[in-house]
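Biologist: I am new to this structure and should like to understand the terms applied to it. May I ask, for each term, on what grounds it is used?

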Amino acid sequence: MHQIIVDISISPEEWIKLYQGVAVDVRTKARDGRSVCFPARILSRFYLLDGVRGSFRILFDDSGKFSSIERL
């Protein structure tokens, strides 16, 4: 199992665009410097009134398929 750690700050206004499908993917940099892109839907359970903020560990398999995400 592979992992990346990302720090995310998505405002409520940006989240609405993701929720409405205007934007589908989140693009950011992992802490190790890699550019990453993943479906915004994996962050849905972390949405609060101030958006999505925090550090997250994303786990994926050898083929790059998403496995799970957790808040750190």
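Biologist: Which residues does L18 touch, not counting residues up to four places away in sequence?

Modeller: The model is a predicted one. In it, L18 touches I10, A23, V24, D25, V26 and A40 once residues up to four places away are set aside. L18 itself is found in helix α1, residues 12-20.

Biologist: Why does L18 count as buried?

Modeller: The relative accessibility of L18 is 15%, and buried means under 20%. L18 therefore counts as buried. As to its place in space, the C-alpha atoms of L18 and P39 are 9.4 Å apart, while the two residues are 21 apart in sequence.

Biologist: Where is S11, and why is S11 called buried?

Modeller: S11 has its place in the loop between β1 (2-10) and α1. Its relative accessible area is 16%, and the term buried requires a value under 20%, so the name applies to S11. Apart from residues up to four places away in sequence, S11 touches D50, G51 and R53.

Biologist: What makes the pair of R53 and D50 a salt bridge?

Modeller: The closest N and O atoms of R53 and D50 are 3.8 Å apart. The cut-off is within 4 Å, between a side-chain nitrogen of Lys or Arg and a carboxyl oxygen of Asp or Glu. The pair therefore qualifies as a salt bridge. In general, side chains of opposite charge can pair when their charged atoms come close.

Biologist: Why are R53 and D50 called partly exposed?

Modeller: R53 has 37% relative accessibility, and D50 has a relative accessible area of 40%. Partly exposed lies between the limits of under 20% for buried and over 50% for exposed, so R53 is given that term, and so is D50.

Biologist: How many salt bridges does the structure hold?

Modeller: The structure holds four salt bridges. Among them is the one between R34 and D32, with the closest N and O atoms 2.8 Å apart. That value satisfies the requirement of being within 4 Å.

Biologist: Which terms of accessibility apply to R34 and to D32?

Modeller: R34 counts as partly exposed at 38%. D32 has a relative accessible area of 52%, and exposed means over 50%, so D32 is called exposed.

Biologist: What does the salt bridge between E70 and R57 tie together?

Modeller: The closest N and O atoms of E70 and R57 are 2.4 Å apart. E70 lies in strand β5 (residues 66-71) and R57 in strand β4, so the pair ties together parts that are 13 residues apart in sequence. E70 is partly exposed at 36%, and R57 is partly exposed at 23%.

Biologist: What makes the link between the side chains of S55 and D7 a polar contact?

Modeller: The distance is 2.4 Å, and the cut-off for such a contact is within 3.5 Å. S55 is found in strand β4. With a relative accessible area of 17%, S55 is buried. Beyond its neighbours within four places in sequence, S55 is in contact with V6, D7, R31, E70, R71 and L72.

Biologist: F60 and K65: is each of them buried or exposed?

Modeller: F60, in strand β4, has 17% relative accessibility and counts as buried. K65, in the loop between β4 and β5, has 58% and counts as exposed. F60 touches K65. The C-alpha atoms of F60 and M1 are separated by 5.9 Å, although the residues are 59 apart along the chain.

Biologist: Which residues line the largest pocket?

Modeller: The lining consists of I4, V36, C37, F38, P39, I42, I58, F60, G64 and F66. The volume of this pocket is about 160 Å³. β3 gives the most to the lining, with four residues.

Biologist: How many residues of this lining are nonpolar, polar and charged?

Modeller: Nine are nonpolar, one is polar and none is charged. Gly counts as polar, and G64 belongs to the lining.

Technical notes. Residues numbered from 1 in each chain as written. Predicted model: local features only at pLDDT ≥ 70, side-chain atom pairs only at ≥ 80, totals over all residues. Heavy atoms only, no water. 1 Å grid on protein atoms, 1.4 Å probe; cavity = no way out; pocket = protein on both sides within 12 Å on 5 of 7 lines; lining within 4 Å. Points joined across faces, edges and corners; volume = space filled by probe spheres on them. Helix = DSSP H or I, 4+ residues; strand = E, 2+ residues; numbered from the N terminus. Buried < 20%, exposed > 50% of the residue type's maximum accessible area, 1.4 Å probe, protein only. Polar contact = N/O pair within 3.5 Å; in protein donor to acceptor, adjacent residues only side chain to side chain. Contact = heavy atoms within 4.5 Å.
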